[in-house]
Protein chains: 2
Amino acid sequence: MVFHYPNGHPSHYNEASKQKMQEKNKSTSFANRGMRFEEAINQSNQYYLNHNIAVVHKKPLPLQIVKVDYPKRSAAVIKEAYFKEPSTTDYNGVYKGHYLDFEAKETKNKTSFPFKNFHEHQIAHMEQCLKQNGICFVLLWFSTLQRCFFLDSELLIDHWRQRKNQKKSLPIAVIQENAIEIQPKIAPRIPYLEAVDKHLQTKEKP
Amino acid sequence: MVFHYPNGHPSHYNEASKQKMQEKNKSTSFANRGMRFEEAINQSNQYYLNHNIAVVHKKPLPLQIVKVDYPKRSAAVIKEAYFKEPSTTDYNGVYKGHYLDFEAKETKNKTSFPFKNFHEHQIAHMEQCLKQNGICFVLLWFSTLQRCFFLDSELLIDHWRQRKNQKKSLPIAVIQENAIEIQPKIAPRIPYLEAVDKHLQTKEKP
């Protein structure tokens, strides 16, 4: 609990903390706790793993390693490497026998989600996984609105393929109508498996 | 086609190529084609992907990136990074709705497969995936014998946990009795999904 003094500032308020808070607000924050969306997903995955609920990991960034030094008595040091474009989505894993595959993205926009967040190779990868009956989706975070959605990849792919030349983003109205909204919690922060369960129920119904 | 001259050497034979061939033979080769086992698996995955049979990718190596340079007009260069220990197996993906998770390992041994090829965190990861009804296995390549086996992770984990302090390897007799042998082909080079199919059939039987 923070006590507020007559000037309206908390007791630990000073110029340094003011500056820090301003910097915090400038960066894309998650639920005003200064946490990025991706970190919230990673923590949720850790929660699911610790509780034997699901095994989902973020894939490491693919790098082209060019030069490695092997100094005596210490670990190998990579001295030259370059970022490569990933050929898949960022997250995959297993939940109750289902293969899960997804991407987590955020935007500051309030009215739509920009298509530029998704690349051709990711769309192609999701199509391939859908053909194999994988559960593919995107987790969308509207940081300004503080709203999170589970969107089935099929719908995203449809819109991305049809509209990418005319429209540059997916309207929030379409998302609200077709996606499953996720209410952030304490733990797991982003309970996206609840949305997966709902999605599986919808799929099972004729 | 290579013409052989009376001395028994092909026409392009010379000292340099002799040295090169010796080096090739020294390295762990795959089916005498100078190809490493992992490359054969990667090519098989590419075959399965191209033919819409399965979506399986090798995960990138996890690295701890310490220093990145952003030179003007060119791509970011990683100047200092370190290898991290992977927390999962190398391969995962989706096949007919099934989550696949596996590790591919090779040995020059002829009588057993050394346990040191598998680390605690990989064993733990496979246990977690099995709990979620994932299909977990290891592909073992005996390079000297030129034999390849699909081994269910459950059996590996059993032996690894029980015997690691007494025995240092899994005898080939145990592997032959419990694993599914894979006959390398032209394409895919390692048709491991045939073994997955057999494994699934065994699981479905009571």
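Here are some questions and replies on a predicted model with chains A and B.

Me: What makes a local feature count here, and how are residues and chains labelled?
Reply: In this predicted model local features need pLDDT of at least 70, and side-chain atom pairs count only at pLDDT 80 or more, while totals for chains, interfaces and linings use all residues. Residues are numbered from 1 along each chain as its sequence is written, and chains are lettered from A and ligands numbered from 1 in the order in which they are written.

Me: How many helices and strands does chain A have?
Reply: Chain A has six helices and ten strands. Helices (H or I, at least four residues) and strands (E, at least two) are DSSP runs, numbered from the N terminus.

Me: How do you know that the span of helix α6 of chain A agrees with its number of residues?
Reply: The expected span is 1.5 Å times one less than the number of residues. For the 13 residues of α6(A), 192-204, that gives 18 Å, and the end C-alpha atoms are 19 Å apart, which agrees.

Me: Which residues of α6(A) are called buried?
Reply: Tyr192(A), Leu193(A), Ala195(A) and Val196(A). A residue is buried if 20 or more other C-beta atoms lie within 10 Å of its own, exposed if 12 or fewer, and partly exposed in between; C-beta atoms are placed from the backbone.

Me: Why are they said to line one face of the helix?
Reply: Seen down the axis of α6(A), the buried residues fall within an arc of 150°, so they line one face. The arc is taken from the directions from the helix axis to the C-beta atoms. On the other side, Gln201(A), Thr202(A) and Glu204(A) are exposed.

Me: How many residues does each chain give to the contact between A and B?
Reply: Chain B gives 33 residues and chain A gives 33. Two residues are in contact if their C-beta atoms, placed from the backbone, lie within 7 Å. On the side of chain B, β3(B) gives the largest share, seven residues.

Me: What makes β3(A) and β3(B) a pair?
Reply: Two strands pair if DSSP finds at least two bridges between them. Four bridges join these strands, which run antiparallel. Val77(A) stands opposite Tyr82(B).

Me: Why is the relation of the chains called a two-fold axis?
Reply: A turn of 180° and a shift of 0.0 Å along the axis lay chain B on chain A with an RMSD of 0.0 Å. That is the relation of a two-fold axis. Copies are superposed by least squares on the C-alpha atoms of residues with pLDDT of at least 70 in both.
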